[in-house]
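Thanks for coming. I will go through one structure today, starting with its cysteines and then moving to strands, one histidine and the salt bridges.

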Amino acid sequence: GKICACALSAGGHHVAFASHSDPTVRVWSTASGEELMRLVHHTDGVEGVAFSPDDGRHLLSGSGDATAILWDALRGEPMVTYRGHTNCVRGVAFSDSRSGGYPPLVATASWDHTAMVWRRTGGPPLLVLRGHTDWV
């Protein structure tokens, strides 16, 4: 399908691509051009991807199935599924845990007109941000 999202890992060694018509995330080596893994766990197309900025060992994906998934980017295994949105999760982002202060966080943005902030370790959203009148 058509690629709708991409992300580079910290250090630029890996690149991830996602397609809204494909429920997988594909991770490639930037050195060899070889596909390293396919991350399969979503049930609808993947709309957003991001690598963790601190170490690049984690990848976050958002999907039309209204979830976001935190992946172990080295093993290709899902670690945490964030559930709370009622429509497509289109935007995903990490905080940089090296900065101290707050615990490591992730943020998601959805067509349900909300953005949510979560602990990277999972659990319910810490913040549900409302106020947009169209998809976020």
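A disulfide, as counted here, is a pair of cysteine sulfur atoms within 2.5 Å. Please keep in mind that this is a predicted model.

With that cut-off, how many disulfides does a search of the whole structure find? The search finds zero. Take Cys-4: the closest cysteine sulfur is that of Cys-88, and because the two sulfurs are 8.3 Å apart, they are too far for a bond. Seen from the other side, Cys-88 is in no disulfide either, and its nearest cysteine sulfur is that of Cys-4. As for surroundings, Cys-4 is partly exposed, at a relative accessible area of 28%. Cys-88 counts as buried, with 3% relative accessibility.

Next, the strands. There is an open sheet of four strands in the order 5-6-7-8, and the pairing is antiparallel. Which strands form the edges? Strand 5, residues 46–51, and strand 8, residues 77–83, each pair on one side only. On average, neighbouring strands of this sheet are turned by 20° against each other, with direction ignored.

Inside the sheet, strand 6 covers residues 58–63 and strand 7 covers residues 67–72. Five bridges join these two antiparallel strands. One position to look at is Leu-59, which stands opposite Trp-71 in strand 7.

Now the histidine. His-85 sits in the loop between strand 8 and strand 9, the latter being residues 89–94. Is His-85 buried or exposed? It is buried, with a relative accessible area of 8%. Its side chain makes a polar contact with the side chain of Thr-108 at 2.7 Å. The His-85 side chain also has a polar contact with the side chain of Thr-114, at 3.1 Å. If we leave aside neighbours within four places in sequence, the residues in contact with His-85 include Ala-66, Ala-109, Ser-110, Asp-112, Ala-115 and Met-116. Thr-108 and Thr-114 are also among them.

That leaves the salt bridges. The count comes to six, and I will show three of them.

Start with Arg-90 and Glu-47, whose closest N and O atoms are 2.5 Å apart. What does this pair tie together? Arg-90 lies in strand 9 and Glu-47 in strand 5, so the salt bridge links parts that are 43 residues apart in sequence. Arg-90 is partly exposed, at 31% relative accessible area, whereas Glu-47 is buried, at 9%.

The next pair is Arg-75 and Asp-72, with the closest N and O atoms 3.0 Å apart. Here Arg-75 is exposed, with a relative accessible area of 58%. Its partner Asp-72 counts as buried, at 8% relative accessibility.

The last pair is Glu-35 and Arg-26, where the closest N and O atoms are 3.9 Å apart. Glu-35 counts as partly exposed at 23% relative accessibility, and Arg-26 counts as partly exposed at 26%. Which residues are linked with this pair in a network of salt bridges? Asp-22 and Arg-38 join Arg-26 and Glu-35 in that network.

To recap: the search finds zero disulfides, the open sheet has the strand order 5-6-7-8, His-85 is buried in terms of accessible area, and the salt bridges come to six.

Note on methods. Residues are numbered from 1 along each chain as its sequence is written. This is a predicted model: local features need pLDDT of at least 70, side-chain atom pairs count only at pLDDT 80 or more; totals for chains, interfaces and linings use all residues. Side-chain values use heavy atoms; hydrogens and water are left out. Buried means under 20% relative accessible area, exposed over 50%, partly exposed in between (1.4 Å probe, protein chains only). Two strands pair if DSSP finds at least two bridges between them. Axes are lines fitted to C-alpha atoms, for helices over the stretch in contact, and angles run from 0 to 180 degrees between N-to-C directions. A polar contact is a pair of N or O atoms within 3.5 Å; within protein, one must be able to donate a hydrogen and the other to accept it, and residues adjacent in sequence count only if both atoms are side-chain atoms. Contact means heavy atoms within 4.5 Å. A salt bridge is a side-chain nitrogen of Lys or Arg within 4 Å of a carboxyl oxygen of Asp or Glu.
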